[in-house]
Amino acid sequence: MPFDLESLSEATSGTIGALVSTTALYPLDTCKTKYQAEVRAHHHQKYRNISDVLWEAISTHKVLSLYQGLGTKNVQSFVSQFIYFYGYSFFKRLYLERTGNKNIGTKANLVVAAAAGACTVIVTQPLDTASSRMQTSEFGKSKGLLKTLSEGTWREAFDGLGVSLLLTSNPSIQYTVFDQLKQRLIRRQLSKKAADSSTEALSAFSAFVLGAVSKCIATFVTYPVIRCKVMIQAAETDEDGVEEGHPKPQKTVSGAFCAIWKREGALGFFKGLQVQILKTVLSSALHLMIKEKISKTTWVLILALQRYLFLTSPRLKSA
């Protein structure tokens, strides 16, 4: 099967967009992750809100620690976005070739996106676990990627894999909500303009608003699982009750749920939701904006590189 240059172009532009958005919003992501990882009784909370995390970094003169784990996070973003966009584009093209359809339907699109997401999660889970542990370490005490991974077993490196696979449903929920809202908006426009076909396409502003709303709804629905995932992958602290010479207790989804319920109550499952939505919406908007801006340039560069390699390769020229 020939190498898919279109998928490569999509993967490259998506990866660059992910790296820029991840780096720009990383301090916010660190504050959010540390805040989400804390599970204490309400009257013993170290962080009453996310600003307390930021103030801790400022008051201890460790502002640069807000970037601890950035290298690992960028490696994860690079690998995961490349695999996802390449996999999504590849599976989509494969589906269209096999079915003979010109366009992919909503249901098939969700299946393709879920397949690409599952492949991405399986490959990048150790990097995801390491970056979460580095972010939730005490400021100034974060360890490098290799040391973080070498301290535990390979099983611990895949902590939260099941939860991560479950969270691949987030885009499916988002796309389903977006499609439903889009259809309602279009029907309303058609009723007002007597089925004018020009109204069947959404304006850029309408698409942006519906995209943001659908992402917020998907995040709200899956947020309890998101918080449990952060807790499972969080760095160990002295308060976790791990005694010297004793094995660390295994972190499980049920254990994380019970800890939240006992110490924080039902509302604890949504601790940090506002910041999660803010970060997610900003990241998605910045990521997609950059991807769209550079996608054509990336395609031209890849074609130019292919032409250069063809012209400079004696074997290819003689073929």
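Select Y86 and F90 in helix α4, where the two residues sit 4 residues apart, about one turn of the helix. In this predicted model, their rings form a stacked aromatic pair, with 6.2 Å from centre to centre and 10 degrees between the planes. F90 has 23% relative accessibility and therefore counts as partly exposed, being above the 20% limit for buried residues and not over 50%.

Extend the selection to F78, F82 and F91. Ring pairs link these three with Y86 and F90 into a cluster.

Stay on helix α4 and pick Y84 and Y88. These two are also 4 residues apart in α4, so about one helical turn separates them. An α-helix has 3.6 residues a turn, so residues three or four places apart point the same way. The ring centres of Y84 and Y88 are 6.2 Å apart and the planes meet at 15 degrees; the pair counts as stacked because the angle is under 30 degrees. Y84 is buried, at 18% relative accessibility. A search of the whole structure gives 10 aromatic pairs.

**The whole chain**

Zoom out and colour by secondary structure. The protein has 13 helices and 0 strands. Of its 319 residues, 41% are buried. Among contacts with a separation of 6 or more, 79% are between residues 24 or more positions apart.

**The loop before α4**

Go to H61, in the loop between α3 (50–59) and α4 (70–99). Check its backbone: phi is near 60 degrees, a positive value in a residue other than glycine. Is H61 buried or exposed? With 72% relative accessibility, H61 counts as exposed.

**Helix α2**

Select residues 26–37, which make up helix α2. For 12 residues at 1.5 Å a residue the expected span is 16 Å, and the end C-alpha atoms are 16 Å apart, so the two agree. How many of the residues of α2 are buried? The count is 10 of the 12, so the helix is largely enclosed by the rest of the structure. The buried residues of α2 are Y26, P27, D29, T30, C31, K32, T33, K34, Y35 and Q36.

Two of these residues take part in contacts between a charge and a ring. Show K34 with F139: the charged end of K34 sits over the F139 ring, 4.8 Å from its centre. Then show Y35 with K271, where K271 lies over the face of Y35 at 4.7 Å from the ring centre.

**T136, at the end of α5**

Next select T136, in helix α5 (residues 106–136). T136 has 10% relative accessibility and counts as buried. Display its side chain together with the backbone of S132 and R133. The side chain of T136 reaches the backbone oxygen of S132 at 2.8 Å. A polar atom of the same side chain lies 3.4 Å from the backbone oxygen of R133.

Which residues does T136 touch, not counting those up to four places away in sequence? They are T33, K34, A37, A234 and A235. Of these, T33 and K34 are among the buried residues of α2.

**The nonpolar cores**

Now select V163, L167, M231, A256 and I260. Within the largest nonpolar core, which has 13 residues, these have the most contacts. Helices α10 (204–233) and α11 (253–264) each supply at least two residues of this core. Which helix gives the most to this core? The answer is α10, with 6 residues.

Centre the view on V163 and show what surrounds it. Leaving aside neighbours within four places in sequence, V163 is in contact with V225, K229, I232 and V253.

For comparison, select Y35, Y47, A57 and L66. These belong to a second, separate core of 7 residues. Y35 is the residue already seen under K271 in the α2 view.

**K215 in α10**

Finish on K215, which lies in helix α10. Its relative accessible area is 15%, so K215 is buried, the limit being under 20%. Which residues are in contact with K215, leaving aside neighbours within four places in sequence? Show N170, Q174, T280 and S284. For S284, draw a C-alpha to C-alpha distance to K215: the two residues are 69 apart in sequence and 9.1 Å apart in space.

Note on methods. Residues numbered from 1 in each chain as written. Predicted model: local features only at pLDDT ≥ 70, side-chain atom pairs only at ≥ 80, totals over all residues. Heavy atoms only, no water. Core = buried A, V, L, I, M, F, W, Y, C linked by side-chain atoms within 4.5 Å. Buried < 20%, exposed > 50% of the residue type's maximum accessible area, 1.4 Å probe, protein only. Contact = heavy atoms within 4.5 Å. Polar contact = N/O pair within 3.5 Å; in protein donor to acceptor, adjacent residues only side chain to side chain. Expected span 1.5 Å × (residues − 1). Phe/Tyr/Trp six-rings, centres within 6.5 Å; stacked < 30°, edge-to-face > 60°. Lys NZ or Arg CZ within 6 Å of the ring centre and 35° of its normal.
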